[in-house]
Amino acid sequence: MELTLLGTGAPGGLPLPGCPCASCATAVGADARTATSVFVDGALLLDLTPDAVQAAARAGRSLRGVRQVLLSHPHTGPAVDVPAGLPAPGRVPDGRELALISGHRVRAVAVDAPGTGYSVTGPDGDDLLYLPPGAAPAGMPPRPAPYGVVLLDVLGRPEALARLRAAGAVTATTDVIGVHLGHGTPPGTELHRRLAAAGARAVPDGTALGTRGHPVPPAPPRRTLVLGGARSGKSAEAERRLESYPEVLYVATGGTREGDREWAARVSLHRERRPGSWRTTETCDLVPLLAGDGPPLLIDCLALWLTHAMDAVDAWDDEVWAAGGGQRALRARTEALVSAIRSTRRTVVAVSNEVGSGVVPATASGRRFRDELGRLNAAVAAECEHVLLVVAGQALALRG
């Protein structure tokens, strides 16, 4: 099958008229997007937009041969005029299949938001999945083979991609395209970075795609270190890198602090924003987890792991540190952790504090912690394919 993306934007398009936000202000040229509409093999149109005829002309296409127009979601605002020569738009009831004279078969896919998803199989047997804005599949049964192309709201509903992966509908061979991009989309290169982290990509309006021989985005890095200061957004960035995976083990190294309400509130906030499919374990025993098999690990954070390790070897005591073997014992623990990260076969995203740019601590033990954390961060970073520094919520790639 050949697809032409007449538009890739949210229903209101990008930019929104009169909106002064950063995303809208920078959405010019190839970054400007009309509402998402997909033209399939010159015969099927998924979602009719007000400028469909003009959008097709800009892409070098004509809508004259369209046999069927299907709507995927409720359209707000004034009714869209149906251009002369196009059939009246309709919908396929959930679970039903529509056969077109062109040889295409369209099956309606139930979603968890207003609207309908469409699974389209072409005369050549290739297939694609198209989901409406803000929607995820509502109960995706296992598939014997993945889709060739999937078009969905990757940034708005990353868990939709996780569900598709769990069902075998999306694999490393699937071309995942982020569509329904609106003014909540991050501007500039940040959009492409976030999509790449999910194994997806964005394309300009008017792009033609094939269900075979398409470029497959490189696999997300297996080991990632996310650094940042307090409240920089480093934990949210780490979570974002794994939110499209069907299963994740969240490793909390901070534990619980009885009677500390402020700490309990922090822990609760972290838990509430994690996907429901993630599991959580509270431990600082990271080496066995890294050595074992299983779903991706999100380790938050190495600074708290180091605090626990220094507690265990009494490294805060100057005498123990200098002459009592504290320094050697801590180095043995950190070297074992770094070695486990080097040899792990699991996908790992680790979070750590960047403390080297702050005020010099007033105590010897504080300076010791700062120095050891700097050494640990450097050693872990050396073993990671991707290293990010988060500043003011903005992720800067240091490696990868």
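These exercises, each with a worked solution, concern a predicted model of a protein.

**Exercise 1.** Describe the overall make-up of the protein: its secondary structure, extent and surface.

Solution. Start with the secondary structure, which comes to 11 helices and 18 strands. Next take the extent: along the principal axes, the C-alpha atoms fill a box of roughly 90 × 45 × 40 Å. Then turn to the 400 residues, of which 48% count as buried. The accessible surface is about 18000 Å², and 54% of that belongs to carbon and sulfur atoms. Last, consider contacts between residues at least 6 apart in sequence: 67% of these join residues at least 24 apart.

**Exercise 2.** Find how many disulfides the structure holds, and check Cys 24 and Cys 284 in turn.

Solution. The count of disulfides is 0. For Cys 24, the nearest cysteine sulfur is that of Cys 21, 3.6 Å away. A disulfide requires two cysteine sulfur atoms within 2.5 Å, so a cysteine without such a partner is in none. Cys 24 has 4% relative accessibility and therefore counts as buried. For Cys 284, the nearest cysteine sulfur belongs to Cys 301, at 9.3 Å, and Cys 284 is likewise in no disulfide. Its relative accessible area is 16%, so Cys 284 is buried. The cut-off used in both cases is under 20% relative accessible area.

**Exercise 3.** State how many aromatic pairs the whole structure has, and which ring Arg 143 lies over.

Solution. A search of the whole structure gives 1 aromatic pair. As for Arg 143, this residue lies over the face of Tyr 147, at 3.7 Å from the ring centre.

Conventions
Residues numbered from 1 in each chain as written. Predicted model: local features only at pLDDT ≥ 70, side-chain atom pairs only at ≥ 80, totals over all residues. Heavy atoms only, no water. Buried < 20%, exposed > 50% of the residue type's maximum accessible area, 1.4 Å probe, protein only. Phe/Tyr/Trp six-rings, centres within 6.5 Å; stacked < 30°, edge-to-face > 60°. Lys NZ or Arg CZ within 6 Å of the ring centre and 35° of its normal. Helix = DSSP H or I, 4+ residues; strand = E, 2+ residues; numbered from the N terminus. Contact = heavy atoms within 4.5 Å. Areas by Shrake-Rupley, 256 points an atom, 1.4 Å probe, with all protein chains shown as cover.
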